[in-house]
Amino acid sequence: MILETKRLYLREMNPSDFNSLCRILQDEKAMYAYEGAFSDQEVQEWLDRQIYRYQKWNFGLWAAVLKETDKMIGQCGLTMQQWKDQEVLEIGYLFERSHWHQGYATEAAKACKQYAFEKLNASEVCSIIRDSNTASQNVAMRNGMVMKDQWIKHYKGVDMPHYRYVVYR
């Protein structure tokens, strides 16, 4: 276990989390900010990328497990992301739709912010969010972040405006 909140614990994902990850990444509606659901191969690549991040940085997107059921309901964690001409420390989160609007993303994101400041000694952390993803923008604001700048990312042949929400230690 990496982190614990009132209702969740965050831990490293492992190969046995593939099916749980599919419930999130293969849901068309949950993946609207990514231009649609992932294939099995894309889910596997996502999982492999997190495991690589744990080895490289000792952090990545972690499995968000509901204490009450011991079931993985989402993912939340820290990653290094390209933003314009720099690499930034980002809090990312993505949950199963059946667990949206219950405060889990905010709860997990706040714990990740505290981890970034206290364990990684980061001076700032951000969340990079597609302009159309109001729910994630609200999570960022509840996590004390403010919109600092914007940039157009190119993904799957689509120009996607993104906002960068930032909070400082």
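## Salt bridges and cores: worked exercises

Arg-164 and Asp-149 form a salt bridge, with their closest N and O atoms 3.0 Å apart. The model is a predicted one, and the exercises below walk through it pair by pair.

### Exercise 1

Find where Arg-164 and Asp-149 sit, and decide whether each is buried or exposed.

**Solution.** Start with the elements: Arg-164 belongs to strand E8 (residues 158-168) and Asp-149 to strand E7 (residues 146-155), so the pair links parts of the chain 15 residues apart. Next, take the accessibility of each partner. Arg-164 has a relative accessible area of 3% and is buried. Asp-149 is buried too, at 17%, since the cut-off for buried is under 20%. Finally, look beyond the pair: Arg-164 and Asp-149 belong to a network of salt bridges that also includes Lys-84 and Glu-124.

### Exercise 2

Work out which parts of the chain the salt bridge between Asp-27 and Arg-97 ties together.

**Solution.** First check the distance: the closest N and O atoms of Asp-27 and Arg-97 are 2.8 Å apart. Then place the two residues. Asp-27 lies in the loop between helix H1 (18-25) and helix H2 (40-57), while Arg-97 lies in the loop between strand E5 (86-95) and helix H3 (104-118), so the salt bridge ties together parts 70 residues apart in sequence. Now compare the surroundings: Asp-27 is buried, with a relative accessible area of 14%, whereas Arg-97 is partly exposed at 37%. To put the pair in context, a search of the whole structure finds 10 salt bridges.

### Exercise 3

Describe the salt bridge of Glu-35, then inspect the backbone of Glu-35.

**Solution.** Begin with the partner: the side chain of Glu-35 meets that of Arg-130 in a salt bridge, at 2.8 Å from N to O. Arg-130 is in strand E6 (residues 124-130) and Glu-35 is in the loop between H1 and H2, which puts them 95 residues apart. Arg-130 is buried at 12% relative accessibility, but Glu-35 is partly exposed at 37%. Turn now to the backbone. Most residues other than glycine have a negative phi. Glu-35 is not a glycine, yet has a positive phi of about 65°.

### Exercise 4

Find the phi of Lys-84 and say where this residue lies.

**Solution.** Read off the angle: Lys-84 has a phi near 55°, a positive value in a residue other than glycine. Then locate Lys-84 in the loop between strand E4 (71-83) and E5. Its accessibility comes last: at 36%, Lys-84 is partly exposed. Remember that Lys-84 also takes part in the salt-bridge network from Exercise 1.

### Exercise 5

Describe the largest nonpolar core and the surroundings of Leu-78.

**Solution.** A general point helps here: in soluble globular proteins, nonpolar side chains tend to be buried together. In this model, the largest nonpolar core has 50 residues. Among those with the most contacts inside the core are Leu-25, Trp-62, Leu-78 and Phe-95. H3 supplies the largest share of this core, nine residues. Now zoom in on Leu-78. Setting aside neighbours within four places in sequence, Leu-78 is in contact with residues including Phe-59, Trp-62, Leu-89, Ile-91, Cys-112, Tyr-115, Leu-120 and Val-125. One last step is to look outside this core: a second, separate core has five residues, including Trp-83, Val-88, Ile-128 and Val-166.

Technical notes: Residues numbered from 1 in each chain as written. Predicted model: local features only at pLDDT ≥ 70, side-chain atom pairs only at ≥ 80, totals over all residues. Heavy atoms only, no water. Salt bridge = Lys/Arg side-chain N within 4 Å of Asp/Glu carboxyl O. Helix = DSSP H or I, 4+ residues; strand = E, 2+ residues; numbered from the N terminus. Buried < 20%, exposed > 50% of the residue type's maximum accessible area, 1.4 Å probe, protein only. Core = buried A, V, L, I, M, F, W, Y, C linked by side-chain atoms within 4.5 Å. Contact = heavy atoms within 4.5 Å.
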